[in-house]
Structures are given as structure tokens and as C-alpha cells.
Amino acid sequence: MINNKTIEKFREIETPFYYYDLDVLRSTLDIVKKESENSGYKVHYAIKANHNPKIMKIISSYGLGADCVSGNEIAAAIIAGFSPSSIVFAGVGKTDKDIEAALKADIYCFNCESIPEIEVINYLAAKQRKVARIALRINPYIDAHTHKYITTGIEESKFGINTWEIEEVIKKISTLKNIRLLGMHFHIGSQITRMSVFKSLFARINELQEWFTTHSINLEIINVGGGLGIDYENPDKNPLFEDYFSMLNEFIDLMPGQTLHMEPGRSIIGQCGSLISRVLFIKNGSNTLFAIIDAGMTDLIRPALYQAHHKIENLTSEGNIYRYDVVGPICESSDTFAKYIELPETRRGDIIAIRSAGAYGEAMASRYNLRDLPPSVFSDEI
Ligand SMILES: *Cc1c(COP(=O)(O)O)cnc(C)c1O
């Protein structure tokens with residue numbers, strides 16, 4: 001909830017900007033921390049969802065690890081207080097420079113997606129006289145039933161090692177002196193809301209575990225990746241981490257001594273952020289009213305990139321309900337936040353909140369049209 005006092009403060013601030021409600025973030029982190037301590041599961045926050053330094057600092061202060069996808073993310077995570085020994089590094093195309101930096105920082109684990117990648121890590125680790133810990137990102141062929149651009153674990157995905165390649169990969173690794181295999185890694189997509197999808201993944205993980213057992217290979221870790229969805233219709237509802245943890249406990253058969261890892265991004269940071277904007281003009285279309293706002297796809301690209309839905313609220317009007325297309329100022333027709341949605345009568349100067357924008361919002365902002373990057377405003381600063 002964005003209360004009246006906060007709305008009054010918003011009136012004094014230049015828009016657009018990201019607003020982060022730190023009480024929401026902290027209450028989410030309290031639950032994650034408690035569940036993680038009770039279960040012994042290790043949580044690595046996926047930095048790519050939001051790399052705002054203050055956000056990262058708060059998250060690291062709860063003792064979480066980090067999941068990074070570039071050398072710059074690793075460097076930023078370390079500055080924000082994440083311990084290198086809690087950092088995992090994912091990505092289908094890691095550069096030599098990024099691998100070298102990760103080895104130098106002594107990160108916990110590289111999540112690897114191909115034999116050529118593992119060979120390069122081995123070579124670069126040898127040069128530093130180190131042994132790189134790796135996990136195999138395996139493509140489990142599970143359809144996440146989410147938008148196609150954020151589905152990553154089906155057969156045609158560029159991500160992961162195919163199951164029919166595992167044997168070859170294991171043989172290869174046994175010849176590489178500077179690689180130590182820790183375990184298996186998965187990440188099948190994002191904004192997953194059907195719990196049956198996770199159950200299918202966990203069943204698949206159990207099957208794969210058997211394969212490793214029959215080949216007498218001990219794995220220390222199972223990393224289930226991220227993907228837990230949030231409720232974009234109900235921005236004030238936090239994701240059900242309790243249910244997620246108990247599902248993991250019920251459906252994954254860990255071997256003795258094995259540790260379970262996960263990499264939530266969106267579910268940690270999504271609901272605490274809103275993009276705050278002002279209405280510039282109301283314009284008559286041929287069969288709709290356009291509310292043209294000062295935030296655009298450069299500030300929040302999710303609707304334009306994958307038809308994502310965000311709840312939009314007019315914080316400063318209580319008038320009669322009309323229908324509007326809420327659009328940004330960018331010179332692209334895809335710069336549309338919502339079509340034909342109900343809002344109280346909206347006028348120039350009204351303040352609009354685009355909710356559930358904490359994840360993949362600020363982090364994906366660009367300077368297209370040479371616009372300014374959106375600044376961030378925190379609930380404890382206003
Ligand atoms: C993006 C990503 C995540 C985080 O996904 P969410 O849907 O934000 O939880 C976790 N692991 C990997 C490998 C990723 O690429």
C-alpha cells in the first residue's frame with residue numbers, strides 16, 4: 001500500500017522515479033532468512049533482477065548469497081557486501097575476462113552450460129593455479145508455462161546441457177585437472193506461477209540424481225535456480241516462500257550430505273518497487289482515451305518486451321471510472337503500459353504508480369531517446 005503521506009511526498013519529487021518500500025523488502029527477507037535457516041537451503045539472490053546498490057546492500061545484510069551473470073555483477077555484489085564464497089556465476093556466454101575475474105575473486109561456483117565453456121574455465125584456472133568449482137546447468141526439458149521470452153528449460157532453449165550429453169561431459173571433466181564438479185544446476189524460466197511446473201522439475205531432478213548414483217558420482221549441491229513468480233494483479237501480496245520451501249522439502253530427495261541451493265530474483269524484489277510517474281496529457285484516440293505519462297519503456301521495458309502486465313493506479317484521483325490506454329512518450333508503438341484499463345478520471349499532473357516494478361525494472365532501464373535514467377527513492381528517505 002502506498003499511503004496518503006507518501007503520496008503527498010511524491011507530489012514534491014520530479015518524475016519518473018522508482019520508489020522502493022523497504023518495509024516490504026525487509027518483511028520478504030525476514031521470511032526467506034527464516035525459511036533458509038530452518039531448512040539449511042542456501043539462497044543466492046539473482047542480482048540481475050535489481051542491482052541498485054542500496055537494495056543489494058540490504059539483501060546482503062540478511063546473509064544471502066548472490067547469483068551473478070557478469071563480471072560487473074560479481075564486482076558490484078562484492079562491493080555490496082556479498083561474500084565471494086557465496087557467489088554463483090551463471091551465463092551461456094561467459095567471457096574470458098569475466099571468468100578470470102571470477103577465479104581471482106574465488107567465487108563459490110560456476111554454473112556451466114557447455115563442454116567448450118568448461119574447457120576454457122579449466123584452462124584459465126590452470127593459469128591462476130586454481131581449481132574452479134562448477135555445477136552443470138542441465139536442461140530438464142520442463143516447460144515453465146510462462147512467456148516464451150522467459151522460458152529457458154525446453155528443448156529448443158540456448159540454455160543448459162542436454163541430458164543426452166551428461167555422460168560425455170562427465171568423461172570430459174574427469175580429464176580436466178583444474179575443475180571440480182560440485183553438482184547440478186537448473187533454471188527453467190521466470191515468473192512461474194504454476195506450482196505443478198516446479199513439481200515436474202523436482203521429479204526430474206530426482207531422476208537425474210539416480211543417474212549420478214548409478215554412475216557412483218557424488219554431488220554436493222543441487223541448485224534449483226530461480227523463477228518463483230509474483231502476483232502482478234495483487235501488488236500488496238508477497239510471494240509464498242513458505243509454500244515454496246515446504247514444496248522443495250517434500251518433493252526433492254536430497255542425498256546424504258547434499259545441500260540445496262536456490263536463486264530467487266523477482267520474488268525477493270518485485271513487490272517492493274513501483275515506478276512513479278506523472279500524467280502529461282489526456283488525448284482522445286479514435287476509440288480510446290490515451291493517458292500519456294512521463295515514464296516510458298526506457299524506464300520499465302517489461303510490457304514492451306514481453307507483454308507483461310503491471311497494475312496501474314492513479315494515486316491522486318477519486319473521480320468516476322473511465323477506460324484509458326496508458327502510454328509513454330517514447331517514439332515506439334510498443335511503448336504502452338496497459339490498454340483499456342479502468343482508472344478514476346485522470347488529468348494532467350495526476351500521479352500514477354505502476355506497481356510490482358521492483359524486479360527487471362530499474363535494472364533494465366536504458367537511455368534510448370537520450371532520456372535520463374530513472375532515479376530511485378526509498379521509503380526511509382522521504
Ligand atoms: C534470471 C535468473 C534467476 C532469477 O530468476 P527469477 O525469475 O528472477 O527468480 C536465477 N538463476 C538464473 C540462472 C537466472 O538466469
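This short talk goes through the domains, the nonpolar cores, one buried lysine and the ligand site of the structure above.

Please keep in mind throughout that this is a predicted model. I will begin with the overall layout, where the domain assignment of the protein chain gives domain 1, made of residues 4-18 together with 271-381, and domain 2, which runs over 22-268. The C-alpha centres of these two domains lie 33 Å apart, and across the boundary 21 residues of domain 1 are in contact with 26 residues of domain 2.

Turning to the interior, the largest nonpolar core has 95 residues, and those with the most contacts inside it are Leu25, Phe110, Leu136, Phe202 and Val224. Helix H8, residues 195-214, supplies the largest share of this core, namely 7 residues, while domain 1 and domain 2 each contribute at least three residues to it. Apart from this core lies another one, of 10 residues, which includes Ile7, Phe10, Ala353 and Val377.

I would like to stay for a moment with Phe110, which, if we leave aside its neighbours within four places in sequence, is in contact with a set of residues including Phe89, Ile99, Ala102, Leu103, Ile121 and Ile134, and also with Lys94.

That brings me to Lys94 itself, which sits in the loop between strand S4 (87-89) and helix H5 (96-105). Is this lysine buried or exposed? With a relative accessible area of 11%, Lys94 counts as buried, because that value falls under the 20% cut-off. Which polar groups, then, does the side chain of Lys94 meet? A polar atom of that side chain lies 2.6 Å from the backbone oxygen of Asn111, and the side chain also makes a polar contact, at 2.6 Å, with the side chain of Glu117. Beyond its neighbours up to four places away in sequence, Lys94 touches Phe89, Ile99, Phe110, Asn111, Cys112 and Glu117, and Phe89 and Ile99 are among the residues in contact with Phe110 as well.

Finally, the ligand, which has 15 residues around it, with Lys48, Ser190, Glu263, Arg266 and Tyr360 coming nearest. A polar side-chain atom of Ser190 lies 2.3 Å from an oxygen atom of the ligand, whereas for Glu263 a polar side-chain atom lies 2.6 Å from a ligand nitrogen atom. The backbone takes part in the list too, since a polar backbone atom of Gly265 is 2.9 Å from an oxygen atom of the ligand. Of the 390 Å² of accessible area that the ligand has on its own, the protein covers 94%.

Technical notes. Residues are numbered from 1 along each chain as its sequence is written. This is a predicted model: local features need pLDDT of at least 70, side-chain atom pairs count only at pLDDT 80 or more; totals for chains, interfaces and linings use all residues. Side-chain values use heavy atoms; hydrogens and water are left out. Helices (H or I, at least four residues) and strands (E, at least two) are DSSP runs, numbered from the N terminus. Buried means under 20% relative accessible area, exposed over 50%, partly exposed in between (1.4 Å probe, protein chains only). A polar contact is a pair of N or O atoms within 3.5 Å; within protein, one must be able to donate a hydrogen and the other to accept it, and residues adjacent in sequence count only if both atoms are side-chain atoms. Contact means heavy atoms within 4.5 Å. A nonpolar core is a set of buried Ala, Val, Leu, Ile, Met, Phe, Trp, Tyr and Cys residues joined through side-chain atoms within 4.5 Å. Domain bounds come from an automatic or database domain assignment. A residue is near a molecule or strand if one of its heavy atoms lies within 4 Å of it. Accessible areas come from the Shrake-Rupley method with a 1.4 Å probe; for residues, only the protein chains shown count as cover.
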